[in-house]
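I opened the file and kept notes as I went. The entries follow the order in which I looked things up.

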Amino acid sequence: MTACVSPWPHGEGQGNAQRESLQGFALAGRFALRQEGQGYAGRLDWRHAGERDELLLSSPLGQGMAEIVSDAGGARLTASDGTSRTAETPDALLQSVLGYPLPLSKLVDWVRGRSPDGGKISVDALGRPLQLRYQDWRIDYQYDSDDPQALPGRLFVEREGILELRLRIDQWQALPGED
């Protein structure tokens, strides 16, 4: 499952990534997901380039749990036991797996501190996104530095009463030719 994702050392930092110009990226971090009273935690390695996303979800100890790959042709989730599921879009795939909508197509913008159509962003004193409201979603941002172009180090994504997702991003990297 790790063949498609090229991990790098999980150190602190943003590498060469700048928020305003970032297009394609790779990130590594940790997640905690709470839904209907149940919690899940683990590691996330995500590579986004153009229309292609590759996500590797691992246990907190690094054992691969699932890989999600999506592009213009559809989305596929491969579990650690070798079973797979497919859907036309990553959003439809996550809906079928999780039983509720988690819009991966919007999360690409949200992690970069961008507002999809119709979202409202409030900014901090340095002009960085502090909170985003999109439909019934709320995304709160925290940063690890005072750089006005800093990418978020922490995201809290909530759809009230349905789900809470916390992301701690340990490493950002702009992909060559993508920024």
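**Loops, sheet and pockets**

I began with a turn: Q135 sits in the loop between β8 and β9. The model is a predicted one, and I read the backbone angles with that in mind. Phi of Q135 is near 50 degrees, a positive value in a residue other than glycine. Most residues other than glycine have a negative phi. I then looked up the accessibility of Q135: the relative value is 66%, so Q135 counts as exposed.

I looked for a similar case and noted E36, in the loop between β1 and β2. E36 is not a glycine and has a positive phi, near 50 degrees. Is E36 buried or exposed? With a relative accessibility of 69%, E36 counts as exposed.

A glycine came next. In the hairpin of β7 and β8, G127 has a positive phi near 85 degrees, and five residues stand between the two strands. The strands β7 and β8 run antiparallel and are joined by four bridges. I picked out one pair: I121 has L132 in β8 as its bridge partner.

**Whole chain**

I stepped back to the chain. I listed two helices and 11 strands. Along the sequence the pattern reads β-β-β-β-β-β-α-α-β-β-β-β-β. The chain has 179 residues, and 45% of them count as buried. I also looked up contacts between residues at least 6 apart in sequence: 44% of these join residues at least 24 apart.

**Sheet**

How are the strands ordered in the sheet? I traced 11 strands in an open sheet, in the order β6-β5-β4-β3-β2-β1-β11-β10-β9-β8-β7, with antiparallel pairing. The edges are β6 (84-87) and β7 (120-123); each has a single partner strand, so one side of each has no neighbour in the sheet. From one strand to the next the twist averages 15 degrees.

I checked one pairing towards the β6 edge. Six bridges join β4 to β5 (residues 74-79), and the sense is antiparallel. Within this pairing, V69 has R76 of β5 as its bridge partner.

**Helices against the sheet**

I turned to α1, which packs on the sheet and touches β1, β4, β5 and β6. The direction of α1 makes about 135 degrees with that of β6. For α2 I noted a position across β1, β2, β3, β8 (129-134), β9 (137-142), β10 (154-159) and β11. The angle of α2 to β2 is about 75 degrees.

**L77**

I chose one residue to follow in detail: L77, in strand β5. L77 counts as buried because its relative accessibility is 12%, and the cut-off for buried is under 20%. Which residues does L77 contact, leaving aside neighbours within four places in sequence? I found A66, E67, I68, T83, S84, R85, L93 and V97. I also took the C-alpha to C-alpha distance from L77 to P90: 9.0 Å, with their positions 13 residues apart in sequence.

**Pockets**

I ended with the empty space. The largest pocket holds about 510 Å³. Its lining has 20 residues, and F31, L33, L57, L94 and L98 are the closest to its centre. At least two lining residues come from each of β1 (25-35), β2 (38-49), β3 (52-58), β4 (64-71), α1 (90-98), α2 (104-111) and β11 (163-174). Which classes make up this lining? I counted 19 nonpolar residues, one polar and no charged.

The second largest pocket holds about 160 Å³. I noted 13 lining residues, with E51, D53, S70, D71 and P90 nearest the centre of this pocket. Both β4 and α2 supply at least two residues of its lining. The largest share comes from α2, with three residues. By class, I recorded four nonpolar, five polar and four charged residues for the second largest pocket.

P90 thus turns up twice in these notes: in the distance from L77 and in the lining of the second largest pocket.

Key
Residues are numbered from 1 along each chain as its sequence is written. This is a predicted model: local features need pLDDT of at least 70, side-chain atom pairs count only at pLDDT 80 or more; totals for chains, interfaces and linings use all residues. Side-chain values use heavy atoms; hydrogens and water are left out. On a 1 Å grid over the protein atoms alone, a cavity is a set of points where a 1.4 Å probe fits but cannot get out, and a pocket is an open set with protein on both sides within 12 Å along at least five of seven lines; lining residues have an atom within 4 Å of a point. Grid points are joined across faces, edges and corners, and a volume is the space filled by probe spheres set on the points. Ala, Val, Leu, Ile, Met, Phe, Trp, Tyr, Cys and Pro count as nonpolar, Asp, Glu, Lys and Arg as charged, and the others, Gly among them, as polar. Two strands pair if DSSP finds at least two bridges between them. Axes are lines fitted to C-alpha atoms, for helices over the stretch in contact, and angles run from 0 to 180 degrees between N-to-C directions. Contact means heavy atoms within 4.5 Å. Buried means under 20% relative accessible area, exposed over 50%, partly exposed in between (1.4 Å probe, protein chains only).
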